[in-house]
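Q: I am new to this structure. Please pick one part of the chain, take a close look, and show me how its surroundings fit around it.

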Amino acid sequence: GQSQRDIEGLTLGGFAADLSAVVDAAGLDNFALLTMAHGCPVAFEYLSSNPDRVDRLVLYGSSATGWRHPDWGEATERTEAIMAVARLGRDADAPTFRRLTVNAILPDPTSADAAWLDDYLRRTISARASVQLVEAISGYDFREKLRTYDMPALVLHATDDVAIPIAHGRRVAEAMPNSSFHEVSSRNHILTQTDEHCRETLRMIAGFLSGGLSPCAEANLQP
(Lines give C-alpha, C1' and ligand atoms only; values in the text may rest on other atoms or scores of the structure.)
Protein backbone atom coordinates (compact mmCIF):
# COMPACT_ATOMS: atom_id res chain seq x y z
CA GLY A 1 0.00 0.00 0.00
CA GLN A 2 2.75 2.46 0.83
CA SER A 3 4.70 1.59 -2.32
CA GLN A 4 1.72 1.97 -4.67
CA ARG A 5 -1.46 3.34 -3.13
CA ASP A 6 -3.94 3.10 -6.01
CA ILE A 7 -3.90 -0.14 -8.01
CA GLU A 8 -6.21 -1.44 -10.72
CA GLY A 9 -7.31 -5.04 -11.22
CA LEU A 10 -7.05 -6.45 -7.70
CA THR A 11 -8.08 -10.12 -7.66
CA LEU A 12 -7.70 -13.10 -5.36
CA GLY A 13 -5.57 -14.81 -8.00
CA GLY A 14 -3.40 -11.72 -8.21
CA PHE A 15 -2.84 -11.71 -4.46
CA ALA A 16 -1.84 -15.38 -4.59
CA ALA A 17 0.56 -14.60 -7.44
CA ASP A 18 2.11 -11.86 -5.29
CA LEU A 19 2.64 -14.38 -2.49
CA SER A 20 4.16 -16.84 -4.93
CA ALA A 21 6.56 -14.17 -6.24
CA VAL A 22 7.75 -13.35 -2.71
CA VAL A 23 8.25 -17.02 -1.86
CA ASP A 24 10.19 -17.66 -5.06
CA ALA A 25 12.33 -14.54 -4.57
CA ALA A 26 13.18 -15.76 -1.07
CA GLY A 27 14.29 -19.10 -2.49
CA LEU A 28 11.91 -21.14 -0.32
CA ASP A 29 11.01 -24.64 -1.40
CA ASN A 30 8.88 -25.31 1.67
CA PHE A 31 7.78 -22.95 4.43
CA ALA A 32 5.32 -22.35 7.26
CA LEU A 33 2.62 -19.77 6.64
CA LEU A 34 0.66 -17.58 9.05
CA THR A 35 -2.20 -15.59 7.60
CA MET A 36 -4.96 -13.45 9.06
CA ALA A 37 -8.30 -11.98 7.98
CA HIS A 38 -8.51 -11.47 4.18
CA GLY A 39 -5.08 -13.09 3.90
CA CYS A 40 -6.71 -16.47 4.62
CA PRO A 41 -8.44 -16.85 1.22
CA VAL A 42 -5.19 -15.71 -0.40
CA ALA A 43 -3.48 -18.63 1.32
CA PHE A 44 -6.23 -20.99 0.14
CA GLU A 45 -5.85 -19.74 -3.42
CA TYR A 46 -2.06 -20.15 -3.26
CA LEU A 47 -2.43 -23.69 -1.90
CA SER A 48 -4.73 -24.65 -4.77
CA SER A 49 -1.71 -24.40 -7.08
CA ASN A 50 1.06 -25.13 -4.55
CA PRO A 51 -0.33 -27.70 -2.10
CA ASP A 52 3.05 -29.26 -1.23
CA ARG A 53 5.03 -26.11 -0.46
CA VAL A 54 3.42 -25.17 2.87
CA ASP A 55 4.61 -27.34 5.77
CA ARG A 56 2.44 -25.80 8.48
CA LEU A 57 -0.44 -23.36 8.27
CA VAL A 58 -1.93 -20.95 10.81
CA LEU A 59 -5.22 -19.21 10.00
CA TYR A 60 -6.69 -16.39 12.11
CA GLY A 61 -10.21 -15.20 11.27
CA SER A 62 -10.84 -17.45 8.26
CA SER A 63 -13.83 -18.55 6.21
CA ALA A 64 -14.24 -21.18 3.51
CA THR A 65 -16.52 -18.89 1.49
CA GLY A 66 -16.58 -15.25 0.43
CA TRP A 67 -18.80 -12.72 2.16
CA ARG A 68 -21.52 -12.78 -0.53
CA HIS A 69 -22.15 -16.51 -0.04
CA PRO A 70 -25.67 -17.24 1.33
CA ASP A 71 -24.29 -18.72 4.56
CA TRP A 72 -23.02 -15.29 5.66
CA GLY A 73 -26.52 -13.93 6.39
CA GLU A 74 -26.54 -10.48 8.01
CA ALA A 75 -22.77 -10.16 7.67
CA THR A 76 -23.28 -9.82 3.91
CA GLU A 77 -25.64 -6.86 4.45
CA ARG A 78 -23.16 -5.13 6.77
CA THR A 79 -20.34 -5.53 4.26
CA GLU A 80 -22.52 -4.26 1.40
CA ALA A 81 -23.29 -1.16 3.48
CA ILE A 82 -19.60 -0.49 4.07
CA MET A 83 -18.93 -1.03 0.36
CA ALA A 84 -21.62 1.52 -0.54
CA VAL A 85 -19.86 4.13 1.60
CA ALA A 86 -16.51 3.22 0.04
CA ARG A 87 -17.90 3.80 -3.46
CA LEU A 88 -18.78 7.34 -2.44
CA GLY A 89 -15.08 7.92 -1.82
CA ARG A 90 -13.49 7.96 1.60
CA ASP A 91 -10.57 10.26 0.83
CA ALA A 92 -12.63 13.29 1.82
CA ASP A 93 -12.30 15.01 5.18
CA ALA A 94 -15.13 13.03 6.79
CA PRO A 95 -13.65 9.58 7.60
CA THR A 96 -16.96 7.67 7.60
CA PHE A 97 -15.66 4.66 5.70
CA ARG A 98 -12.54 4.38 7.84
CA ARG A 99 -14.60 4.43 11.01
CA LEU A 100 -16.93 1.72 9.71
CA THR A 101 -13.93 -0.39 8.75
CA VAL A 102 -12.24 0.11 12.11
CA ASN A 103 -15.46 -0.85 13.92
CA ALA A 104 -15.82 -4.00 11.82
CA ILE A 105 -12.25 -5.13 12.45
CA LEU A 106 -11.84 -3.86 16.03
CA PRO A 107 -15.27 -3.51 17.69
CA ASP A 108 -13.75 -2.54 21.06
CA PRO A 109 -10.50 -0.81 20.12
CA THR A 110 -8.24 1.09 22.46
CA SER A 111 -7.85 4.71 21.42
CA ALA A 112 -4.31 3.88 20.27
CA ASP A 113 -5.48 0.92 18.13
CA ALA A 114 -8.30 2.93 16.56
CA ALA A 115 -6.01 5.85 15.76
CA TRP A 116 -3.34 3.55 14.30
CA LEU A 117 -5.76 1.64 12.04
CA ASP A 118 -7.53 4.81 10.89
CA ASP A 119 -4.21 6.43 9.98
CA TYR A 120 -2.95 3.26 8.31
CA LEU A 121 -6.04 3.03 6.10
CA ARG A 122 -5.82 6.72 5.22
CA ARG A 123 -2.17 6.44 4.14
CA THR A 124 -2.12 3.08 2.38
CA ILE A 125 -5.23 2.54 0.29
CA SER A 126 -7.65 4.64 -1.77
CA ALA A 127 -11.43 4.29 -1.79
CA ARG A 128 -11.33 2.72 -5.27
CA ALA A 129 -8.71 0.17 -4.25
CA SER A 130 -10.70 -0.59 -1.09
CA VAL A 131 -13.73 -1.54 -3.17
CA GLN A 132 -11.61 -3.76 -5.43
CA LEU A 133 -10.02 -5.52 -2.47
CA VAL A 134 -13.31 -6.31 -0.75
CA GLU A 135 -14.88 -7.39 -4.06
CA ALA A 136 -11.92 -9.75 -4.62
CA ILE A 137 -12.81 -11.74 -1.51
CA SER A 138 -16.59 -11.73 -2.02
CA GLY A 139 -17.22 -14.81 -4.14
CA TYR A 140 -14.67 -17.52 -3.39
CA ASP A 141 -15.67 -21.02 -2.27
CA PHE A 142 -12.97 -23.37 -0.96
CA ARG A 143 -15.24 -25.75 0.93
CA GLU A 144 -14.32 -28.79 -1.16
CA LYS A 145 -10.72 -27.77 -1.78
CA LEU A 146 -9.99 -27.45 1.94
CA ARG A 147 -10.48 -31.19 2.31
CA THR A 148 -7.40 -31.76 0.17
CA TYR A 149 -5.10 -29.52 2.23
CA ASP A 150 -3.54 -32.05 4.61
CA MET A 151 -0.66 -30.08 6.13
CA PRO A 152 -0.81 -29.55 9.92
CA ALA A 153 -2.99 -26.51 10.45
CA LEU A 154 -3.99 -24.41 13.45
CA VAL A 155 -7.24 -22.50 12.97
CA LEU A 156 -7.83 -19.62 15.38
CA HIS A 157 -10.89 -17.43 15.59
CA ALA A 158 -12.13 -14.75 17.98
CA THR A 159 -15.18 -15.74 20.01
CA ASP A 160 -17.23 -12.69 19.04
CA ASP A 161 -15.66 -11.74 15.71
CA VAL A 162 -18.07 -9.29 14.07
CA ALA A 163 -16.46 -9.29 10.62
CA ILE A 164 -16.48 -13.11 10.23
CA PRO A 165 -18.60 -15.01 12.77
CA ILE A 166 -16.79 -17.81 14.58
CA ALA A 167 -18.93 -20.53 12.95
CA HIS A 168 -17.00 -19.90 9.73
CA GLY A 169 -13.69 -20.65 11.40
CA ARG A 170 -15.06 -23.84 12.92
CA ARG A 171 -16.19 -25.02 9.49
CA VAL A 172 -12.71 -24.37 8.06
CA ALA A 173 -11.15 -26.51 10.80
CA GLU A 174 -13.72 -29.27 10.28
CA ALA A 175 -13.00 -29.38 6.55
CA MET A 176 -9.20 -29.62 6.80
CA PRO A 177 -8.16 -33.19 7.67
CA ASN A 178 -5.13 -32.37 9.83
CA SER A 179 -6.25 -29.23 11.60
CA SER A 180 -7.27 -28.15 15.08
CA PHE A 181 -9.44 -25.25 16.17
CA HIS A 182 -8.71 -22.79 18.97
CA GLU A 183 -11.13 -20.12 20.14
CA VAL A 184 -9.55 -16.81 21.19
CA SER A 185 -11.49 -14.80 23.76
CA SER A 186 -11.84 -11.53 21.83
CA ARG A 187 -14.20 -9.53 19.60
CA ASN A 188 -11.45 -8.38 17.25
CA HIS A 189 -11.08 -9.71 13.72
CA ILE A 190 -7.30 -9.31 13.88
CA LEU A 191 -4.87 -9.97 16.70
CA THR A 192 -3.44 -6.78 18.20
CA GLN A 193 -0.85 -6.16 20.89
CA THR A 194 -3.55 -4.79 23.18
CA ASP A 195 -5.67 -7.98 23.04
CA GLU A 196 -5.90 -9.48 26.51
CA HIS A 197 -4.63 -12.86 25.31
CA CYS A 198 -2.18 -11.64 22.68
CA ARG A 199 0.97 -13.01 24.30
CA GLU A 200 -0.53 -16.42 25.02
CA THR A 201 -1.86 -16.64 21.47
CA LEU A 202 1.50 -15.67 19.97
CA ARG A 203 3.26 -18.28 22.11
CA MET A 204 0.79 -20.88 20.90
CA ILE A 205 1.37 -19.92 17.27
CA ALA A 206 5.16 -19.88 17.65
CA GLY A 207 5.13 -23.29 19.30
CA PHE A 208 2.96 -24.76 16.58
CA LEU A 209 4.99 -23.28 13.71
CA SER A 210 8.22 -24.55 15.23
CA GLY A 211 6.84 -28.05 15.35
CA GLY A 212 7.26 -28.21 19.10
CA LEU A 213 3.66 -29.23 19.75
CA SER A 214 1.00 -31.01 17.77
CA PRO A 215 -2.06 -29.09 16.55
CA CYS A 216 -4.29 -30.90 19.05
CA ALA A 217 -1.99 -30.13 21.97
CA GLU A 218 -1.88 -26.48 20.97
CA ALA A 219 -5.63 -26.23 20.56
CA ASN A 220 -6.19 -27.59 24.07
CA LEU A 221 -4.22 -24.72 25.63
CA GLN A 222 -6.40 -22.19 27.43
CA PRO A 223 -5.36 -18.53 27.26
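A: **From helix α7 to helix α2**

Helix α7 spans residues 166-175, and its buried residues are Ile166, His168, Gly169, Val172, Ala173 and Ala175. The model is predicted. What do the buried residues of α7 pack against? Their partners are helix α2 and three strands: β2 (54-60), β3 (153-158) and β4 (179-184).

Val172 gives a closer view of α7. It is one of the buried residues of that helix. Leaving aside residues up to four places away in sequence, Val172 touches Phe44, Leu59, Ser62, Ser63, Ala64, Leu146 and Val155. Phe44 is a buried residue of α2.

Val172 also has a place in the largest nonpolar core. That core holds 51 residues. Those that touch the most other members are Val54, Leu57, Leu59, Leu146, Tyr149, Val172 and Met176. Helix α2 gives this core its largest share, six residues. A second core is separate and has eleven residues, among them Val58, Tyr60, Leu154 and Cys198.

Now turn to α2 itself. Helix α2 runs over residues 39-49. Is α2 mostly covered or mostly open? It is mostly covered, with eight of its eleven residues buried. These are Gly39, Cys40, Pro41, Val42, Ala43, Phe44, Tyr46 and Leu47. Their cover includes α1, β1, β2 and α7.

Take Pro41 in α2. Its relative accessible area is 3%, so it falls under the 20% limit and counts as buried. Beyond its neighbors up to four places away in sequence, Pro41 touches Leu12, Ile137, Tyr140 and Phe142. Its C-alpha atom is 9.7 Å from that of Leu59, a residue 18 places away along the chain. Leu59 is also one of the residues that Val172 touches.

Ser49 offers a contrast within α2. Its relative accessibility is 57%, over the 50% limit, so Ser49 counts as exposed. Ser49 and Ala16 are 33 residues apart in sequence, yet their C-alpha atoms are 9.4 Å apart in space.

Next comes the contact between α1 and α2. Two packed helices are described by the angle between their axes and the distance between the axes. Helix α1 covers residues 12-25. It packs with α2 at an angle of about 75°, and the two axes are 8 Å apart. Angles of 65 to 115 degrees count as roughly perpendicular, so α1 and α2 are roughly perpendicular to each other. On the α1 side, the contact is made by Leu12, Gly13, Phe15, Ala16, Leu19, Ser20 and Val23. On the α2 side, Pro41, Val42, Glu45 and Tyr46 take part. By class, this contact has eight nonpolar, two polar and one charged residues.

Just before α2 there is a loop. Ala37 sits in that loop, between β1 (31-36) and α2. Its phi is near 60°, a positive value in a residue other than glycine. Ala37 has a relative accessible area of 10% and is therefore buried.

Another helix reaches the same α1 region. Leu133 lies in helix α6, residues 127-136. At 18% relative accessibility, Leu133 still counts as buried, because the limit is 20%. Leu133 touches Leu10, Phe15, His38 and Ile125, not counting residues up to four places away in sequence. Phe15 is also part of the α1 contact with α2. Leu133 and Glu8 are 125 residues apart in sequence, and their C-alpha atoms are 10.0 Å apart.

One more helix is worth a stop. Thr201 lies in α8, residues 198-209. It is buried, at 1% relative accessibility. Thr201 touches Tyr60, Leu156, Val184 and Leu191, with residues up to four places away in sequence left out. Tyr60 belongs to the second core.

Finally, step back to the chain. It has nine helices and four strands. Along the sequence they follow the pattern α-β-α-β-α-α-α-α-β-α-β-α-α. Of its 223 residues, 48% are buried. Among contacts with a separation of 6 or more, 73% join residues 24 or more positions apart. The chain exposes about 11,000 Å², and carbon and sulfur atoms supply 52% of that.

How values were computed: Residues numbered from 1 in each chain as written. Predicted model: local features only at pLDDT ≥ 70, side-chain atom pairs only at ≥ 80, totals over all residues. Heavy atoms only, no water. Helix = DSSP H or I, 4+ residues; strand = E, 2+ residues; numbered from the N terminus. Buried < 20%, exposed > 50% of the residue type's maximum accessible area, 1.4 Å probe, protein only. Contact = heavy atoms within 4.5 Å. Core = buried A, V, L, I, M, F, W, Y, C linked by side-chain atoms within 4.5 Å. Areas by Shrake-Rupley, 256 points an atom, 1.4 Å probe, with all protein chains shown as cover. Axes fitted to C-alpha atoms, helices over the stretch in contact; angles between N-to-C directions. Parallel < 35°, antiparallel > 145°, perpendicular 65-115°, else oblique. Nonpolar A, V, L, I, M, F, W, Y, C, P; charged D, E, K, R; others polar.
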